[in-house]
Amino acid sequence: MADVPDRKRPRVYLAGPEVFLPDPMAAGRAKVALCAAAGLDGLFPLDAALDLSGLDKHRQARSIAMANEGLMRSADCIIANLTPFRGVSMDSGTAFEVGFMRALGRPVFGYTNVVEDFAVRARAYRAGARIAGDCDRADIEVEDFDLAENLMITEAIGASGGGLVRRAGRHDALLEDLTAFEKSVEAVAAYFEVRPSQA
């Protein structure tokens, strides 16, 4: 999707469940454009443009995972969309990517378009409709530290030198609302001291 990146510009891996949207490439282009305007090279996971033809589902999955790990290794930091996805918590693949980048020692930035704490969401879920096979029970503790997400995610962000933006996004377009993402892009540009001449 992107042209050959300018290695003078910090490379930012753009993690999140937007890859599952009906038009993931459009979502990726929008994020990459916002990064470019701030003097950053955005790396959207579908940049790998893999040819998965002829591969069974397991080999397709492995190819995607290895390509994304390669993109992350080439990145200087990550911006992860922590907006809850298919449940109380963030997308599980994005959670892995946060941990992967933290393990590489790279700065981790995140944003969420939902302002309610993790504990509030977990209790509301527990009181409502349940997913078959869910092992949660009333006697199991709900983690409550007034955080946006599980403490391992939020503490990885803080300990890495990154930051977390929490903002109430548009209810009808929580994955498409890029206002909090833009704030994260600004934070990354400030972190790397990207000057206007680099943009």
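Arginine 86 is exposed in this predicted model, with a relative accessible area of 67%. The residue sits in the loop that runs between β3 and α3. Its phi is positive, about 55°, although arginine 86 is not a glycine. Most residues other than glycine have a negative phi. Aspartate 146 also has a positive phi of about 55° and is likewise not a glycine. That residue belongs to the loop between α4 (118–127) and α5 (151–159). At 57% relative accessibility, aspartate 146 counts as exposed.

**The nonpolar cores**

What are the residues with the most contacts inside the largest nonpolar core? They are Val12, Leu14, Leu40, Ile79, Phe181 and Val188, in a core of 18 residues. Two or more residues of this core come from each of β1 (11–15), α1 (24–37), β3 (77–81), β4 (108–112) and α6 (179–191). Helix α6 gives the most, with five residues. There is also a second, separate core of 17 residues, which includes Ala15, Leu71, Met72 and Ala80. In soluble globular proteins, nonpolar side chains tend to be buried together.

Isoleucine 79 shows how the surroundings of one core residue are made up. Leaving out residues up to four places away in sequence, isoleucine 79 touches Val12, Tyr13, Leu14, Ala15, Phe109, Tyr111, Phe181, Ser184, Val185 and Val188. One of these contacts, Ser184, is a residue of helix α6. Serine 184 is buried, with a relative accessible area of 1%. On the same sequence limit, serine 184 touches Ile79, Gly110, Tyr111 and Val165.

**How the helices pack**

Three helix pairs are described here, beginning with α2 and α3. The axes of α2 (residues 57–74) and α3 (residues 92–103) come within 10 Å and cross at roughly 40°. That angle makes α2 oblique to α3. The crossing of α2 past α3 is right-handed. On the α2 side the contact involves Asn68, Glu69, Met72 and Arg73, and these meet Phe96, Glu97, Phe100 and Met101 in α3. By class, the residues of this contact are four nonpolar, one polar and three charged. Met72, a contact residue of α2, is also among the residues of the second core.

Helices α1 and α6 pack at an angle of about 35°, and their axes are 10 Å apart. This pair has a right-handed crossing. The contact is formed by Lys31, Leu34 and Cys35 of α1 together with Phe181, Glu182 and Val185 of α6. These residues divide into four nonpolar, no polar and two charged. Phe181 and Val185 of this contact also touch isoleucine 79.

The axes of α3 and α5 come within 10 Å and cross at roughly 35°. Here α3 passes α5 in a left-handed crossing. Ala95, Val98 and Arg102 of α3 make the contact with Ile153, Ala156 and Ala159 of α5. The contact has five nonpolar, no polar and one charged residues.

The table lists the class make-up of each contact.

| Helix pair | Nonpolar | Polar | Charged |
|---|---|---|---|
| α2 with α3 | four residues | one residue | three residues |
| α1 with α6 | four residues | no residues | two residues |
| α3 with α5 | five residues | no residues | one residue |

**Two further helix residues**

Is phenylalanine 118 buried or exposed? At 13% relative accessibility, phenylalanine 118 counts as buried. This residue is in helix α4. Not counting residues up to four places away in sequence, phenylalanine 118 touches Val88, Ser89, Glu143, Leu147, Ala148, Glu149 and Asn150. Phenylalanine 118 and alanine 26 are 92 residues apart in sequence, and their C-alpha atoms are 29 Å apart in space.

Methionine 152 is found in helix α5. With a relative accessibility of 59%, methionine 152 counts as exposed. Alanine 173 is 21 residues away from methionine 152 along the chain, and 27 Å separates the two C-alpha atoms.

Definitions and conventions: Residues numbered from 1 in each chain as written. Predicted model: local features only at pLDDT ≥ 70, side-chain atom pairs only at ≥ 80, totals over all residues. Heavy atoms only, no water. Axes fitted to C-alpha atoms, helices over the stretch in contact; angles between N-to-C directions. Helix = DSSP H or I, 4+ residues; strand = E, 2+ residues; numbered from the N terminus. Parallel < 35°, antiparallel > 145°, perpendicular 65-115°, else oblique. Left-handed = near helix turned anticlockwise from the far one by under 90°. Contact = heavy atoms within 4.5 Å. Nonpolar A, V, L, I, M, F, W, Y, C, P; charged D, E, K, R; others polar. Core = buried A, V, L, I, M, F, W, Y, C linked by side-chain atoms within 4.5 Å. Buried < 20%, exposed > 50% of the residue type's maximum accessible area, 1.4 Å probe, protein only.
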